[in-house]
Amino acid sequence: MIRVELFDNMPIYANGLSALLSQNGITVTGIHSDLQSIGSWWRADVLVMALPIAHDALAGAAFSLGAPPLLLVTDDAFAVRSTPLAAYACGCVNREADGTSFVSAVRGAARGARFWEGTEDTEPAALAPAQRLGSLSSREHQVLDLIARGFTHNQVATRLGISRHTVDTYVKRIRSKWALGNKADLTRAAMLALRN
């Protein structure tokens, strides 16, 4: 059984989505129109969160390291994929998507798949920040720590006594291991992973 917590400030839409999920064997454990109940995430296997609530949650640091997968609901899933919020989500579904797409996205998120723009990726969702650190070598961890503290690649190279090319290689490896698209995504993920 998959349990979902819904966060959407459009009650009619949220109730309709809840009914759709329930009809497909997915239990909705709560429907919320704001972040006052964000602490109830522990009841869920997947958080389904609409914008702008998800932006507010990120800005207020409401996401914790143990939070379940976050599936975003928006009017423009393609645009969201290139925002900082995408680093915290396992996928995004357009509000106008058909019921089958929503159900597939929720089921995929529950099993660790990524779901963007109506297509499901077979690769697992990005690891939680605490798990990400364990996937790195000690040198990759050193590079990541310096990047998160704001050092340039040249400064990292100088501090570690390695070439800039080697730093670039480590950064590419980390991005690959963490399934991150660019250095900005890496920096955000590093700051989140290293803050604890």
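**Exercise 1. Determine which residues Val-106 touches, leaving out residues up to four places away in sequence, and place Val-106 in its core.**

Step 1. Taking contact to mean heavy atoms within 4.5 Å, Val-106 touches Ile-2, Val-4, Leu-21, Ile-26, Val-46, Val-48 and Leu-71. The model is a predicted one, in which local features need pLDDT of at least 70 and side-chain atom pairs count only at pLDDT 80 or more, while totals for chains, interfaces and linings use all residues. Residues are numbered from 1 along each chain as its sequence is written, and side-chain values use heavy atoms, with hydrogens and water left out.

Step 2. A nonpolar core is a set of buried Ala, Val, Leu, Ile, Met, Phe, Trp, Tyr and Cys residues joined through side-chain atoms within 4.5 Å, where buried means under 20% relative accessible area, with a 1.4 Å probe and protein chains only. The largest such core has 20 residues, and Val-106 is listed with Val-4, Leu-21 and Val-48 as having the most contacts inside it.

Step 3. Two or more residues of this core come from each of β1 (2–7), α1 (11–23), β2 (26–32), β3 (46–50), β4 (70–74) and α4 (99–110), these elements being DSSP runs numbered from the N terminus (helices H or I, at least four residues; strands E, at least two). The largest share, 5 residues, is that of α4.

Step 4. A second, separate core of 18 residues includes Ile-147, Phe-151, Leu-160 and Val-167.

**Exercise 2. Describe the aromatic pair formed by Tyr-13 and Phe-102.**

Step 1. Rings of Phe, Tyr and Trp (its six-membered ring) pair if their centres lie within 6.5 Å, and planes over 60 degrees apart count as edge-to-face. By this rule the count is 1 aromatic pair.

Step 2. Tyr-13 and Phe-102 are edge-to-face, at 6.4 Å centre to centre and with 65 degrees between the planes.

Step 3. Because Tyr-13 lies in helix α1 and Phe-102 in helix α4, the pair ties together parts that are 89 residues apart in sequence. Phe-102 is buried, with a relative accessible area of 4%.

**Exercise 3. State how β1 and β2 pair, and over how many bridges.**

Step 1. Two strands pair if DSSP finds at least two bridges between them; β1 and β2 do so in the parallel sense, over 6 bridges.

Step 2. Within this pairing, Phe-7 stands opposite His-32 in β2.

Key. Buried means under 20% relative accessible area, exposed over 50%, partly exposed in between (1.4 Å probe, protein chains only). Rings of Phe, Tyr and Trp (its six-membered ring) pair if their centres lie within 6.5 Å; planes under 30 degrees apart count as stacked, over 60 as edge-to-face and the rest as tilted.
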